[in-house]
Amino acid sequence: MIESAAVQGAHDLPPESRELLETYLSRVHGALLKGAVGEAEDTIAELRAHVLDELADTDGSPAALSGVLAEFGPPEDLAAGFSAGGSDDAQVDADDHAEKPSALSGRVLGLPYELRIPTAKRIASRWWDPRNPRVFVPRVFGVGWDVNFGALAVLLHLIEPDAEDEPFAAVSDRAFLAALLVPVGLTAFVIGSYLAVRGALPPTLPAHWTLAGRPDSYWPALGAFAVPLVMSVSSTVWAVWTVARSRSGLARAATIGFAAFLSAVSAGVWTLTLITAMGAGGQWWLPPVCVSAGVWAPLAVLSALARSGRAAEQRRDMDAA
Amino acid sequence: MGSDSDSRTSQFRKGAVELAILALLDGAEAYGGEIVDALAKHPGLAISAGTVYPLLSRLKKAGVIDSAWRESPVGPPRKYYRLTDAGRGEFAELARAWQELSAAMGDLLEGKVSR
């Protein structure tokens, strides 16, 4: 048997073990930084000291080191443990990073950012989480926070936090088709109102408004119509396609909620455009009222779908009893 | 300093509340609001609904508890939670571990905590 020198420090480790340890700690460090866990350097130093202590009576071989690291578990899980006591935002971040680590998502100066293309799953988990009491959660796309409509619905007593076992899993096809009528109807409103008044429209339409509700910049009428049209049509087509192709209640609800949001904002802004273009408006409350449709429409649609899912679960359980 | 202490106390509560919920559901079913209210009766365990509901969801996914909608004697139907067979085993194990931990901590803290 070969007598091994006791491990006193990292320099006593064989090169393979040193590399293995540094790779592991580097992954922990990266995950700590993504999770916005403070004092990442101190944490890494502490972990390194712990590992070297544990290896003190061994030969420091990769096998011995692997045994010590196995007690810590995967680096990302270990890092998540350091942030487990953090904010709910950090928990959402941790859930997302468990989905797929990415430099396109994280925090800068305390502000959450998300630059990955939105997926139905991510939209659903951010916009409808009734068990999470926080109304504002990291954005689905961009910098800052989005509304957690699930928390808002609970606050307004529209639904209970645990109303559904799995969100939207028990919602019927008919309920999804009925919910689709909201974005489809709002899109039809944008198109129909344009067709009805296009002959009377001036060549330029308001593009921006002051806080007092008066237009302060203009752009060509076609552009003023095309932007809300593209937003509402594209999101509604995505929702229709998802309802037709997917069996996942979560994906269906997420795309309908997203379409309701974009088509409501589009319809609201388009309505404001028409009102102010025709010389009316100028009231301070008009822009916020029109744009707030972007909150109420997805809230109404998602709450109605969740209530439909709750009713289906109640029928299932109470009929079986 | 105070907020650090509050945060650590909150972590204690979160750890203990899982066992407390299993204890509440041992032999009796309860709905979410009842569980929140029952915990609130014990100041050391008072924890928000925002913590209880995600915990109930995790316990259900783990197969420790189950739930079903039932007519309520008062008010609308409620979703009642109960222990599964696996949950009863888990509860017995956790309760034993808790008692050992509690006894050990009692020994360590004896005479060191000013009342």
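The legends below describe close-up views of the contact between chain B and chain A in a predicted model.

**View 1. Confidence of the predicted model.** The model has an ipTM of 0.71 and a pTM of 0.70. For chain B the mean pLDDT is 85, with 90% of its residues at 70 or more.

**View 2. The contact between chain B and chain A.** Chain B contributes 16 residues and chain A contributes 15 residues. Together the two chains bury about 1,300 Å², and carbon and sulfur atoms account for 54% of that area. On the side of chain B, the residues that lose the most area to chain A are Tyr53(B), Trp69(B) and Lys79(B), which together make up 48% of what that side buries.

**View 3. Salt bridges and polar contacts.** Between chain B and chain A there are 3 salt bridges. One of them pairs the side chain of Lys60(B) with that of Asp165(A), at an N to O distance of 2.9 Å. Polar contacts across the interface involve 7 residue pairs, with both residues at pLDDT 80 or more.

**View 4. Elements of chain B that touch chain A.** Three elements of chain B each give two or more residues to the side that touches chain A: α3 (49-61), β2 (65-70) and β3 (78-83). Of the residues on this side, α3(B) supplies the most, namely 6 residues. Sorted by class, the side of chain B that touches chain A comprises 6 nonpolar, 5 polar and 5 charged residues.

Methods
Residues are numbered from 1 along each chain as its sequence is written. Chains are lettered from A and ligands numbered from 1 in the order in which they are written. Side-chain values use heavy atoms; hydrogens and water are left out. Contact means heavy atoms within 4.5 Å. Buried area is the accessible area (1.4 Å probe) that two parts lose on being put together, summed over both. A salt bridge is a side-chain nitrogen of Lys or Arg within 4 Å of a carboxyl oxygen of Asp or Glu. A polar contact is a pair of N or O atoms within 3.5 Å; within protein, one must be able to donate a hydrogen and the other to accept it, and residues adjacent in sequence count only if both atoms are side-chain atoms. Helices (H or I, at least four residues) and strands (E, at least two) are DSSP runs, numbered from the N terminus. Ala, Val, Leu, Ile, Met, Phe, Trp, Tyr, Cys and Pro count as nonpolar, Asp, Glu, Lys and Arg as charged, and the others, Gly among them, as polar. pLDDT is the predictor's confidence in each residue, from 0 to 100.
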